[in-house]
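Reader: I should like to go through the terms applied to this structure and hear the grounds for each. Please set each value against its cut-off.

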Amino acid sequence: MSQRHYTGPSPSRGPSWIGSALAWVLAVAVIGLNIAYPIADASNQVSIAIASVYVFYFASLVHAAAHRGPGGAILVGLVVPVIGWVAESVGSHTGWPFGHYTYSDVLGPSFGDVPLVVPLAWTMIAYPTYVAARALTAHRWLIAVIGAWSLMAWDMFLEPMMVKLGAWSWRTPDTTIPGLDGIPALNFAGWFAVGLVVIGALTWLPRPKASIAQPAALYLWVFVSSIVANVFYFDRPEVAIVGGIAMGVVALPFAWRLWVNRT
């Protein structure tokens, strides 16, 4: 008996070339902002970090809209931010599923005590992460598991940076992962759990009408640049090692798959 594989809904027509071009412009802007962050003055880093999230969010949203249609735009632009906001709102008020933490006012305007930029951060990386997971397997449940793992791994890079930036602080770092002192291990379990929901939602995305090069490039950029920045700019080699190993479990096979299928 043949085994059925998940393919996702079929696209209805070809992608918008204007949308595709805009998605690439935004991706280049993301990379530029990411490069600027570690070399900027401390007084400017918060603004650059916030701008990076907004631009990355729109880079993912525009690509999804151009290549996956209105359904892709709704899932990426609305459904995922709502999931992220609910998770962060519950987490900041109850301590579950991430542990007890408190937001500062560094990240700007909030809705229900959650900075608006935070659910957009979930979205910006969730879409490229889904693309990477989808490239590695055709099984829907495995896409969710691989994607959730990768989201959790990315947070291993994110948490130390944002804590140092003063975006939030942890109140209960009782059990930590080596190399990630001050951040509770429960946080990463929470990221994995919420990641299952987020990536599970994205498995309903229509199949891409054309290239996945833009989200693939952003995903691999995040992986490589996070390692480089932690080693050479942030003086946190332990974060580079822990995050690099965890995210590399997905990123390296994904890069290999792209190389093999480059023609």
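Reader: Why does Tyr 54 count as partly exposed?

Author: The model is a predicted one, and the values given here are computed from it. Tyr 54 has a relative accessibility of 31%. Buried requires under 20% and exposed over 50%, so Tyr 54, at 31%, counts as partly exposed. Tyr 54 has its place in helix 2.

Reader: Which residues does Tyr 54 touch, not counting those up to four places away in sequence?

Author: Tyr 54 touches Leu 116, Val 117 and Leu 120; a contact requires heavy atoms within 4.5 Å. As for Tyr 130, its C-alpha lies 19 Å from that of Tyr 54, with the two positions 76 residues apart in sequence.

Reader: What makes Gln 45 buried?

Author: The relative accessible area of Gln 45 is 14%. The cut-off for buried is under 20%, so Gln 45 is buried. Gln 45 is found in helix 2, residues 42-94. Leaving aside neighbours within four places in sequence, Gln 45 is in contact with Tyr 37, Pro 38, Ala 40 and Leu 165.

Reader: How many aromatic pairs does a search of the whole structure find?

Author: The search finds eleven aromatic pairs. One of them joins Tyr 37 and Phe 234, with 6.1 Å centre to centre and 80 degrees between the planes.

Reader: Why is the pair of Tyr 37 and Phe 234 called edge-to-face?

Author: Ring centres must lie within 6.5 Å, and planes over 60 degrees apart count as edge-to-face. The values for Tyr 37 and Phe 234 are 6.1 Å and 80 degrees, so the pair meets both conditions and is edge-to-face. Tyr 37 lies in helix 1 (residues 17-39) and Phe 234 in the loop between helix 6 (213-232) and helix 7 (237-260), so the pair ties together parts 197 residues apart in sequence. Tyr 37 counts as buried at 8% relative accessibility, and Phe 234 counts as buried at 15%.

Reader: What makes Tyr 219 and Phe 254 an edge-to-face pair?

Author: Their rings are 5.7 Å apart, centre to centre, with 80 degrees between the planes. Set against the limits of 6.5 Å and 60 degrees, these values make the pair edge-to-face. Tyr 219 in helix 6 and Phe 254 in helix 7 are 35 residues apart, and the pair links distant parts of the chain. Tyr 219 is buried, with a relative accessible area of 0%, and Phe 254 counts as buried at 0% relative accessibility.

Reader: How do you know that the charged end of Arg 140 sits over the ring of Trp 204?

Author: The distance from the charged end of Arg 140 to the centre of the ring of Trp 204 is 3.5 Å. A charge must be within 6 Å of the ring centre and within 35 degrees of the ring normal; the value of 3.5 Å satisfies the distance limit. Likewise, the charged end of Arg 262 sits over the ring of Trp 259, 3.9 Å from its centre.

Reader: What is the make-up of the lining of the largest pocket by class?

Author: The lining has 34 nonpolar, six polar and three charged residues. Among the 43 lining residues, Asn 34, Trp 154, Leu 158, Met 161 and Ser 226 lie nearest the centre of the pocket. The largest share of the lining, eight residues, comes from helix 6. The space in this pocket is about 790 Å³.

Conventions:
Residues numbered from 1 in each chain as written. Predicted model: local features only at pLDDT ≥ 70, side-chain atom pairs only at ≥ 80, totals over all residues. Heavy atoms only, no water. Helix = DSSP H or I, 4+ residues; strand = E, 2+ residues; numbered from the N terminus. Buried < 20%, exposed > 50% of the residue type's maximum accessible area, 1.4 Å probe, protein only. Phe/Tyr/Trp six-rings, centres within 6.5 Å; stacked < 30°, edge-to-face > 60°. 1 Å grid on protein atoms, 1.4 Å probe; cavity = no way out; pocket = protein on both sides within 12 Å on 5 of 7 lines; lining within 4 Å. Points joined across faces, edges and corners; volume = space filled by probe spheres on them. Nonpolar A, V, L, I, M, F, W, Y, C, P; charged D, E, K, R; others polar.
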